[in-house]
Amino acid sequence: AKVNAELIWFNGELMPWQNATVHVMSHALHYGSSVFEGIRAYETHKGTCIFRLEEHIKRLFDSAKVYRMNIPFTQEEVEQACKDAVAKNGLASAYLRPLAFLGDVGMGLRPPADAKADLMVAAFSWEAYLGAEAIEQGVDVGVSSWNRLAPNTMPTAAKAGGNYLSSQLISMEAGRHGYTEGIALDINNMVSEGAGQNLFLVRNGIIYTPFSTASILPGLTRDTVMKLAAQLGYEVREEPVSRESLYLADEFFMTGTATEVVPVKSVDGMPVGTGSRGPVTKAIQEAFFGIFDGSTDIPDSWLAPVK
Ligand code: PMP
């Protein structure tokens, strides 16, 4: 696919986009042995900055640890690769995709103990994942017939390529039913997450989000929103969320790096609250986007300048 960037970082060097190829016998292609991140760089009052870079790269290394995958670079080197991928492509804002994967390590399912992962970092322009109008208008979602992964099957706290087969089933089913996105329940049939988003409900002024054990990826946008909500004076409760509480919520919104903060206007064809973006969602969005023009107070480390 044609992408709007010239250079890609691959195994230690920036190279022309079309040269960053792998062999068809790559382990990851056959067995899903990859871990990755999704990160955004924003044009900010401090120049182009990568949002929560250090924590995203920490999560990449945590994901690799779960799968005993050896990434032959330090976290600092990967952070620098991310900055270079944005800066050297001359991007003012970008979506970043670091990916570590097992390539030429043989066809055995169990990788050799000394196998080293390949690592790439792409940076390119990617606008609002669920569409620009979704930020204000909201999206229609449906509860999926597919459950999220059980904790003792594949760990959802690791952002591994293979997990996204589950997300694809959820997302494709949602598309077939005319929804923008699908919502998955966990194996206890409590609300888990979207195909690529964490979930928040608002009822009687209190914000609820599924507990971290509900087969979710612990999202960094989720963490950001929980902190901003507390800063705005809202009570945030991490607790098990039932399916019907989606129907009875005053407000419902989804969070993710690609998605950012998007209101949900209907679930399973039922309007959420008034059927349009609610005041709490709007306040959270303003605080979130305020990070990038300096109007929201955040730790300095959350914005890493690319140069
Ligand atoms: N859950 C899943 C399954 C995801 O793919 C994502 C996107 N990375 C999220 C939640 C949100 O995580 P984050 O806010 O860190 O992007």
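In this report, Ala, Val, Leu, Ile, Met, Phe, Trp, Tyr, Cys and Pro count as nonpolar, Asp, Glu, Lys and Arg as charged, and the others, Gly among them, as polar. You are looking at a predicted model, in which local features need pLDDT of at least 70 and side-chain atom pairs count only at pLDDT 80 or more, while totals for chains, interfaces and linings use all residues. Residues are numbered from 1 along each chain as its sequence is written.

Let's start with the ligand. It is surrounded by 14 residues, where a residue is near a molecule if its C-beta atom, placed from the backbone, lies within 6 Å of it. The closest are Leu 217, Gly 219, Thr 221, Gly 256 and Thr 257. Two elements, α6 (220-231) and β14 (251-256), each give two or more residues to this shell, and α6 gives the most, with three residues. Helices (H or I, at least four residues) and strands (E, at least two) are DSSP runs, numbered from the N terminus.

Now for the domains. An automatic or database domain assignment supplies the bounds: domain 1 covers 7-124 and domain 2 covers 134-290. Their C-alpha centres lie 26 Å apart. The contact between them takes 17 residues from domain 1 and nine residues from domain 2; two residues are in contact if their C-beta atoms, placed from the backbone, lie within 7 Å. On the domain 1 side, β3 (34-36), β4 (39-44) and α2 (53-66) give two or more residues, with the largest share, five residues, coming from α2.

Here is the make-up of both sites by class.

| Site | Nonpolar | Polar | Charged |
|---|---|---|---|
| Shell around the ligand | two residues | ten residues | two residues |
| Side of domain 1 that touches domain 2 | seven residues | five residues | five residues |
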